Amino acid sequence: MFANRTDAGERLAAALAERGLEADLVLAIPRGGLPVARPVADELDAPLDVVVASKIGAPTNPELAVGAVASDGSVWYNDDVIDHLDVTDTYLERARREEADAARRKIDRYRESGEPPGVRGERVVVVDDGLATGATARACLRQLRDAGAAHVVLAVPVGAPDSLAAIESEADEVIALERPSHFGAVGQFYRSFGQVSDAEAMAYLER
């Protein structure tokens, strides 16, 4: 149980330092990933920025992810769910365009230029406050791969074991402090897990 996201970030930072992990850049998945990533970036003495993706919801259930798309258009589809629900290519393409636009608008709120930091040849650590389905994290990791990052690590305080195992193919290394067998939601492993506002999230970038 983590007290809050900052506590989780400090514990994650200590674990990464103990492993001797080195990074050129730490990227948080906003908004909840930023309070976790700030201590990680400080501990690894690396710049902190963001990487953004938007979930593609199912036609009849927007909360059910059939995929996710990053701000640069990199996309991951959950083929099993798509096949089970018989989701059409027309719907997927329309939703991909809409959610890519949403991801770009979101990243514009966090970065004045709207341009991501250069990651080609860099060692990048991606941080979030936890991993449930992993849809948005997958799209973010694919964006970094497409951009030529040399080494990509996904680091989270807690994650669903199945999702962590499935996402290993997207990163060079996946690190989670906790992999509880009885996983319901990320928030159940935090004593305080309130929503993070855009203003609060951006304050972590400005430190």
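This passage describes the central sheet of a predicted model, together with the helix that lies across it, the nonpolar cores and some backbone features of the loops.

The sheet is open and contains 5 strands, arranged in the order β2-β1-β6-β7-β8 with parallel pairing. Its edges are formed by β2 and β8, each of which pairs on one side only, and the twist from one strand to the next averages 25°.

Within this sheet, strand β7, which spans residues 151-158, is mostly covered, 7 of its 8 residues being buried. Strand β6 (residues 123-127) runs parallel to β7 and is joined to it by 5 bridges, and in this pairing V127 stands opposite A155 of β7. Between the two strands the chain passes through helix α5 (residues 135-146), giving a β-α-β crossover from β6 to β7 that is right-handed. On the other pairing of β7, 5 bridges connect this strand to β8 (residues 173-178), again with the strands running parallel. Here V153 stands opposite E173 of β8, while the bridge partner of A155 in β8 is I175. The chain reaches β8 from β7 by way of helix α6 (residues 161-167), and this β-α-β crossover is also right-handed. A155 is thus placed opposite V127 in one pairing and is the bridge partner of I175 in the other.

Helix α2 lies across β1, β2, β6 and β7, and its direction makes an angle of about 170° with that of β1. The helix comprises 12 residues and extends 16 Å from its first C-alpha to its last, close to the 16 Å expected at 1.5 Å a residue. Of these 12 residues, 10 are buried, so that α2, with under 20% relative accessible area at each buried position, is mostly covered. The buried residues of the helix are G33, L34, P35, V36, A37, R38, P39, V40, A41 and L44.

In soluble globular proteins, nonpolar side chains tend to be buried together. In the present model, the largest nonpolar core has 37 residues, among which V26, L34 and V125 touch the most other members. Two or more residues of this core are contributed by each of α1 (5-18), β1 (25-28), α2 (33-44), β2 (48-50), α4 (89-110), β6, β7 and α7 (198-206), and the largest share, 6 residues, comes from α2. When residues up to four places away in sequence are not counted, V125 touches L21, A23, L25, V26, L27, L44, V153 and A155. A second core, separate from the one just described, consists of 28 residues and includes L27, W76, A137 and V156.

Several features of backbone geometry are found in the loops. A cis peptide bond, with omega of about 5°, joins P30 and R31, and R31 is placed in the loop between β1 and α2. At the other end of this helix, α2 is followed by D45, a residue of the loop between α2 and β2. Although D45 is not a glycine, its phi is positive, at about 55°, and the residue is exposed, with a relative accessible area of 71%. D86, located in the loop between α3 (79-85) and α4, likewise is not a glycine and has a positive phi of about 55°. With a relative accessible area of 63%, D86 is exposed.

Key:
Residues are numbered from 1 along each chain as its sequence is written. This is a predicted model: local features need pLDDT of at least 70, side-chain atom pairs count only at pLDDT 80 or more; totals for chains, interfaces and linings use all residues. Side-chain values use heavy atoms; hydrogens and water are left out. Buried means under 20% relative accessible area, exposed over 50%, partly exposed in between (1.4 Å probe, protein chains only). Helices (H or I, at least four residues) and strands (E, at least two) are DSSP runs, numbered from the N terminus. Two strands pair if DSSP finds at least two bridges between them. A crossover is right-handed if, with the strands pointing away from the viewer, the path from the first strand over the helix to the second runs clockwise. A nonpolar core is a set of buried Ala, Val, Leu, Ile, Met, Phe, Trp, Tyr and Cys residues joined through side-chain atoms within 4.5 Å. Contact means heavy atoms within 4.5 Å. The expected span of a helix is 1.5 Å times one less than its number of residues. Axes are lines fitted to C-alpha atoms, for helices over the stretch in contact, and angles run from 0 to 180 degrees between N-to-C directions.
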